[in-house]
Amino acid sequence: MTDTEIDAATLARLSAAWPERATIRSHMNSLKPPQEYDPLLPDYPVKFLPFAEHPDFVDAPFEKRQAVLTHAWLMYNARVITAEEQIANPTFAKIVHGVFPGSERFEIKQAVQQAHVDETWHTYMHMMAMHHTQEARELRSEPDYPHAVTYRHLAAEQEKVSDRWHRDLLALVWTTVTEVSVNAYLELLSRDQTIQPMHALVPRLHARDEAAHGSVMVEVAKQLYVHMGPHQQKIFEQALPKAVMAFVAQDYRAWPLILEHAGIKKATDIVEDCKRGGSSSLLVRDFSGVERLAREMEIEMESPYDQTKK
Ligand SMILES: [Fe+2]
Ligand SMILES: [Fe+2]
């Protein structure tokens with residue numbers, strides 16, 4: 001793989017389309033509070049709860065199950081915001097500031113800075129969506145969530161190493177995986193017709209921007225990868241499936257807190273039963289983004305499914 005002009009042309013094409021494409025430009029007025037909020041409509045699709053069919057959850061009163069869905073929706077948004085603020089944006093700033101060799105080309109800086117602007121807007125969209133829900137449901141308290149699972153895994157990997165460049169490289173891998181995979185996460189809700197319409201709209205708008213970010217990040221990762229030494233390239237390759245699993249995992253530290261907060265009995269038991277479900281309990285099962293990435297980067301990556309068996 002070489003530092004080709006084709007890569008730069010792809011980035012330049014995506015950057016040229018940004019002023020028309022960016023949802024911050026086209027949809028700034030789409031985030032008003034919903035005129036009507038039907039409290040009977042769930043906030044989050046019940047089928048994505050890892051314990052959706054667990055008898056102790058199914059038998060719980062309707063109001064408590066609805067409360068779980070409200071907090072599941074809030075956690076869904078909080079996870080997006082963490083990915084933007086703790087993973088993607090710090091890495092985008094490093095790329096633009098030249099921390100990684102190979103990021104000197106203007107086409108890279110321009111496309112990444114545009115993505116950075118988009119992400120800040122996405123944080124705002126999800127923040128407003130959470131606020132509308134909190135108002136509509138008259139929430140007075142929320143569970144004391146841990147940091148989102150995707151970020152916890154990155155922080156745990158970074159703690160194992162002492163060199164700054166190594167921690168930055170791990171963050172680059174997590175950002176790459178996030179950018180090529182986030183649409184699979186957003187599409188869980190973006191076409192759902194059983195939930196509050198606003199809760200499908202926000203992920204749908206977000207996904208429009210991310211379709212471009214995925215293509216940008218593939219090109220950026222390719223450019224940075226060819227400028228790495230063999231040791232760094234190996235670290236990149238080995239971290240890739242770990243980042244994928246961090247991205248698709250259910251957050252088993254948060255679920256018991258949500259169940260307890262909603263007043264569901266046997267919260268810990270319910271979640272422990274689900275954890276034994278293995279790969280079938282992954283939140284995201286669409287790995288096509290990262291598979292494309294590995295193919296375009298011409299690197300071998302273990303199947304993320306294999307990671308779940310270890
Ligand atoms: Fe985003
Ligand atoms: Fe993005």
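A residue counts as buried here if 20 or more other C-beta atoms lie within 10 Å of its own C-beta. By that test, 41% of the chain's 310 residues are buried. Keep in mind as you click around that this is a predicted model.

**Whole chain**

Start with everything shown as cartoon. You'll find 13 helices and 0 strands, so the pattern along the sequence is simply α-α-α-α-α-α-α-α-α-α-α-α-α. The radius of gyration is 20 Å, close to the 19 Å that the globule rule gives for 310 residues, so the chain is as compact as a globular protein of that length. If you draw a box along the principal axes, the C-alpha atoms fill roughly 60 × 45 × 30 Å. Now switch on a contact map if your viewer has one: among contacts with a separation of 6 or more, 83% link residues 24 or more positions apart.

**H5 against H8**

Next, select residues 106-136 for H5 and 197-226 for H8. Two packed helices are described by the angle between their axes and the distance between the axes. For this pair the angle is about 160° and the axes are 10 Å apart, which makes H5 roughly antiparallel to H8. Their crossing is left-handed.

Turn on side chains along the contact. From H5, look for residues including Ile108, Ala111, Val112, Asp118, His122, His126 and His132. Facing them from H8 are, among others, Met198, His199, Val202, His206, Asp209, His213 and Gln223. Colour the contact by class and you get 11 nonpolar, 7 polar and 2 charged residues.

**H6 against H7**

Hide those and pick 149-159 (H6) together with 164-190 (H7). How far apart are the axes of H6 and H7? They sit 9 Å apart, and the packing angle is about 155°. That makes H6 roughly antiparallel to H7, since angles over 145 degrees count that way. This time the crossing is right-handed.

On the H6 side, show Leu154, Glu157 and Gln158; on the H7 side, show Arg167, Leu170, Ala171 and Trp174. This contact breaks down into 4 nonpolar, 1 polar and 2 charged residues.

**Val173**

Stay on H7 and select Val173. Is Val173 buried or exposed? Val173 is buried, because 23 other C-beta atoms lie within 10 Å. Leaving aside residues up to four places away in sequence, Val173 touches Phe236, Ala239, Leu240 and Ala243. Try a distance label between the C-alpha atoms of Val173 and Phe236: they are 6.3 Å apart in space, although 63 residues separate them in sequence.

**Two loop residues with positive phi**

Most residues other than glycine have a negative phi. The last two stops go the other way.

Go to Glu138, in the loop between H5 and H6. Glu138 isn't a glycine, yet its phi is positive, about 50°. Glu138 is exposed, with 7 other C-beta atoms within 10 Å.

Then jump to Lys266. Where does Lys266 lie? Look in the loop between H10 (254-261) and H11 (267-275). Lys266, again not a glycine, has a positive phi of about 55°. With 15 other C-beta atoms within 10 Å, Lys266 is partly exposed.

Notes. Residues numbered from 1 in each chain as written. Chains lettered and ligands numbered in written order. Predicted model: local features only at pLDDT ≥ 70, side-chain atom pairs only at ≥ 80, totals over all residues. Axes fitted to C-alpha atoms, helices over the stretch in contact; angles between N-to-C directions. Helix = DSSP H or I, 4+ residues; strand = E, 2+ residues; numbered from the N terminus. Parallel < 35°, antiparallel > 145°, perpendicular 65-115°, else oblique. Left-handed = near helix turned anticlockwise from the far one by under 90°. Contact = placed C-beta atoms within 7 Å. Nonpolar A, V, L, I, M, F, W, Y, C, P; charged D, E, K, R; others polar. Buried ≥ 20, exposed ≤ 12 C-beta atoms within 10 Å, placed from the backbone. Rg over C-alpha atoms; globule rule 2.2 N^0.38 Å.
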